[in-house]
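Please open the structure in your viewer and keep the selection tool at hand, since each stop on this tour begins with something to select. Take the stops in order, and look around at each one before moving on.

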Amino acid sequence: MAQADAGALASPAATGRPERLRTADGVPLKAALRRAERRRKIAAFFLVAPLLFFILTFFVFPIAQMMWRSVDNPQVVRALPQTLEALQGWDGEGLPGEPVFAALHADFMADMERPRAEQATGPLAVRLNYELSAARSAITRTARQVDGFTAPYREAFLDSHRLWGDPELWRIIQREGRPLTTSYYVAALDREFDSAGNVVQRDEGRRIYVPLFIRTILLSVAITFLTFALGFPIAYYLSILPMRYASLLMICVLLPFWTSLLVRTSAWIVLLQQQGVINSALVAMGIIGDDGRIAMIYNMTGTIVAMTHILLPFMVLPLYSVMRTIPPSYMRAARSLGATPWTAFRRVYFPQTLPGIGAGGVLVFIISIGYYITPALVGGQSGRMISNEIARHMQQSLNWGLAAALGSMLLVGVLVLYWLYNRLVGADSLKFG
Amino acid sequence: MVSKLKLLGIGTAASVIALGAAQAQAQESVSLTIVSWGGAYTASQVRAYHEPWMEKNPHVRIINDDGSANALAGLRAQSQAGNVTWDLVDMLPSDAQLACDEGIILEIDHDAVLAAAPDGTPPTEDFLPGSLGDCFIPQIVYSTVLTFRPDAFPADNQPSSIADLFDVENFPGRRALQDRPGTNLEWALYADGVDPDDIYDVLATPEGVDRAFAKLDTIKDHIIFWTEGAQAPQLLADGEVAFATGYNGRMFDAIEVEGMNAEIIWDGQVVEWDGWVVPAGGRNLDAVMEYLYFATDTQRLADQAKFISYGPARASSAALVGEHADLGIDMAPHMPTAPENYFSPIILDNDFWSDYGDELRERFATWMLQ
Amino acid sequence: MALPAYATTKDKVWYYTFRVICFAIFFFLLAPIIVMIPLSFNAQPFFSFTREMLTLNPEGYSLRWYRDFLGSDSWMRSIRNSFFIGILATILATTLGTVAALGLSRSEMPYKGAIMAILISPMIVPLIISAAGMFFFFSQIGISGTFLGVVLAHAALGTPFVIITVTATLVGFDQSLIRAAASLGASPTRTFFKITMPLILPGVISGALFAFITSFDEIVIVLFVAGPEQRTIPREMWSGIREDISPTILAVATLMVALSVLLLVAIELLRRRSERLRGLTPS
């Protein structure tokens, strides 16, 4: 670095003919500068490289791999290669013919030759069951009987499980007999394939995810608005106080900020339960009867109240840092020019706080749209959000492809917002405390 | 100087020996990760099985993982990754059958790996009829029961049946139900007048399913859903709900041990097995099989009933069930299978649930969210 | 900002209403945290104030939930785990993050925007998605259910905070100081430890505190990636809230609040020190 600087000392601006300049070693100055520049670039990059490698390996790659699951579809191809080949000419009407059933038999028999840990029918049964209920028992039950089957295989299969006589199952095998699939995204958008293979919307009663995405967005909007409505006055108040008092009152904002999320969530459970502090106080004051205790938790109210409390500091801090920089003289000038307090506030003060509102709003919105813990603990059924549904598919229903599809949609949404945020305020302008 | 060096040498030698000894010990010692349901249930297993086993085998350390609620997910993830960290898993027979079909748990030859009854009856005859699975070793018979807070209702109008759960007119208050279709759909039909023996025939028809959901609709606005076994008694104890469905053992524990003010309604109890499975590809297979032989013998199964009110899965254990280890109360009347409790049981049909489960789970999930 | 003498009645009403509203909001922020503290000394296993507590009768108060907490093996182990994981994750995140921040704040750093976006992403991506990704990946490479897995995951979550705080300190950093040191014959290493480090130290420490609290408070990753041996305090609280909310949770919560007060003080002191130091730097 010191050498590069020495080379740069002969400033090109000092002379009229820069192209003739050379360093003490006789290298043209331009080349020397370029080399020095490159060396510095590499040096800077080497400082960043370890972290970049770490984040790419342990953060970006796992997420990309998880997203890959939303289109990855190896099960049918692996388990039924001969059947898929035999199915190639099938038109999707009625039942396929004997050659297909013979190929199916051959596929089952071939699978039984494999060691137990590598058998493909188990994963196949799980995979087909996402598309058609009872497909799992059709596959596993047949797999247990299949070595006793004799030609004609068509009758043998139809006897072993009713589903083999359902053209729908065969259409699904044909459709999913490809290494990549869109069916998880189709399901995540509350759509399904009809018998002609077109994507159609599901019956009203079976739509889950789109309404849940909408609810998640509405809840996040409501929480963002509430944090703004509560955050704006106190941020303003803190910004007009003398520094000494402001720092003191700032503790009210920073203490919750630094307190464990689970501590704050349990605090709200303590307050809002039926036997909790608020209900007991209301009963003791005679405002409600002992049997009229209000249900404030394990529903949407619980989610909104607790999350507003948890996210309020994320709104107050950016607002406060912007408001601190607005000179009070602007408002006084507006007043002295005859504006009413309201007009002065609306036309002069408020527009200057917009960067803070934008920063705080997008931040709160991004955090709340992907929130998991608080809705899971205090949200009950009506306070569930999309993250809870992703967790359910990860851990309980075990439809990992669907979880990946829902997660990818959420992730893309958040990244778009992040990009907007970046455009608005710049990511590195985030401040804490 | 020389003496210092000598000391150093001796010190080094000593530490090398100590290290070697520690390593020798480490080679022998085994940690078994046993996955179960947590709370009072795991506690009963710790006292009836784990503690006596570790006392006999000081080199074994048992780590309890409360992962049974998501056992199938864990087994699949570990098997897909080829990194099986669970040694033994407590799970429901329907999930065990799925895992067995997928080949991610081991098939069990019960007579070969389990202890015979004291009188020599082989395990396949000693375990209660219908309880064994290809990969499944039953431990207990448990039931899902309805429980209520007596103080939520006037003394002259206390609920006594499953029908009362669906009667919000006479029995107002919130209800805590499990967030899955099993038990809830059976009860909806039972409360709607279907005979316990016919429930699964009705539920196998689309009209029957619609009928069950229509019945559930009548109480939907009053339901809080719970996920894990321990939440149900907690919601009751906190007074969040007037009724809660829950596992009879947890309810026993909350009422008798913790002193919760609640009563069990045995009407329409849904009876099921619960037991062990062995993940394929586990690292400590020998140690696990030794433990299993011990933990599923006649005496151990009877011992578990000293700590929690679940019935042992072996016929030969029934006679040995005695008093609660801490409370000294007779456990027999608290068992789901006690004659005075077993008057209108619904036996959970695992074949039905493996055939129709996914469809109904999906519909139930949609229904919950609407 | 007191009211001027010429304020009208309307101004006065507004002045006081506004302050009442503000204090109500401050109350909303603090009350839930404050309320737990006396309840954690409740002699009864309830979440409401008993008559004895309200009349300040000593009978109504006890330390039984603190004894429960201190006497519980699983809580004690969770404390050890939380600190062990938190400290290792912090060291890893701070080291990698500080070095990277030094590179990022050089003007000649190529692809700065894109790299910065990648490095900040752990803070932006919803935790459930990170957790799901790590759940699969860590099982594959055999580190799920190990301390190593949780430490790596938490370090990844903590690095953005280190980057942000350290680059913020470097914004006001005068590069000519480094040239001055070099021209006086100091080696780059010596320059780093004698010149750069003392100046960015407040940023590094507050970044480290953020990384630590991120790990210390993290639960979603722990739920998906950790095994029974790595149960941390939040994990233990999660079970506690879902299974039995006894006032033991409140005792733990009270101690955690005390810890956050300590952290808050530490951050404030650092901020002041940083401002003082930077005030001395010529710019």
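Begin by selecting Val141(B), which, once its neighbours within four places in sequence are set aside, is in contact with Leu128(B), Val271(B), Trp273(B), Tyr310(B), Gly311(B), Ala313(B), Pro336(B) and Thr337(B). Bear in mind from the start that this is a predicted model. If you colour the secondary structure, you will find Val141(B) in strand S4 of chain B, which covers residues 137-148. Is Val141(B) buried or exposed? It counts as buried, because it has 20 C-beta neighbours inside 10 Å. Now add Gly311(B) to the selection and draw a distance between the two C-alpha atoms: they are separated by 5.0 Å, although Val141(B) and Gly311(B) are 170 residues apart along the chain.

Next, select the residues with the most contacts inside the largest nonpolar core, which has 291 residues: they are Ala99(B), Ile105(B), Val277(B), Ala131(C), Ala132(C), Val220(C) and Val225(C). Keep Ala132(C) from that list and show what surrounds it, leaving aside its neighbours within four places in sequence. Its contacts in chain A are with Met66(A), Ile390(A), Met394(A), Ala403(A) and Gly407(A), and Ala132(C) is also in contact with Phe224(C).

From Ala132(C), widen the view to the place where chains C and A meet, where 74 residues of chain C are in contact with 74 residues of chain A. Select helix H1 of chain C, residues 9-39, which gives 13 residues to the side that touches chain A, the largest share. If you colour this side of chain C by residue type, it divides into 62 nonpolar, 8 polar and 4 charged residues.

While chain C is selected, colour its two domains separately, with domain 1 at 9-60 and domain 2 at 73-243. The C-alpha centres of domain 1 of chain C and domain 2 of chain C lie 36 Å apart.

Turn now to where chain B meets chain A, a place in which 25 residues of chain B are in contact with 29 residues of chain A. On the chain B side, select helix H3 (71-81), helix H4 (93-102), strand S6 (223-226) and helix H15 (350-369), which are the elements that give two or more residues to it. Which of these gives the largest share? It is H15(B), with 10 residues. Coloured by type, the chain B side that touches chain A holds 9 nonpolar, 6 polar and 10 charged residues.

For the last stop, select chain A by itself, which has 20 helices and 2 strands. Its radius of gyration is 32 Å, well over the 22 Å that the globule rule gives for 433 residues, so chain A is more spread out than a compact globule. Along its principal axes, the C-alpha trace of chain A spans about 95 × 95 × 40 Å, and buried residues make up 43% of the 433 residues in the chain. Colour its domains next: the assignment gives domain 1 (2-68), domain 2 (75-181) and domain 3 (210-429), and the C-alpha centres of domain 2 of chain A and domain 3 of chain A lie 51 Å apart.

Finish by colouring chain A by confidence, where the average pLDDT is 86 and 93% of the residues score at least 70. Residues 1-16 of chain A deserve a separate selection, for there the pLDDT is below 50, while the stretch has 18 contacts in the model beyond near neighbours in sequence.

Definitions and conventions:
Residues numbered from 1 in each chain as written. Chains lettered and ligands numbered in written order. Predicted model: local features only at pLDDT ≥ 70, side-chain atom pairs only at ≥ 80, totals over all residues. Core = buried A, V, L, I, M, F, W, Y, C linked by C-beta atoms within 7 Å. Buried ≥ 20, exposed ≤ 12 C-beta atoms within 10 Å, placed from the backbone. Contact = placed C-beta atoms within 7 Å. Helix = DSSP H or I, 4+ residues; strand = E, 2+ residues; numbered from the N terminus. Nonpolar A, V, L, I, M, F, W, Y, C, P; charged D, E, K, R; others polar. Domains from an automatic or database assignment. pLDDT = per-residue confidence, 0-100. Rg over C-alpha atoms; globule rule 2.2 N^0.38 Å.
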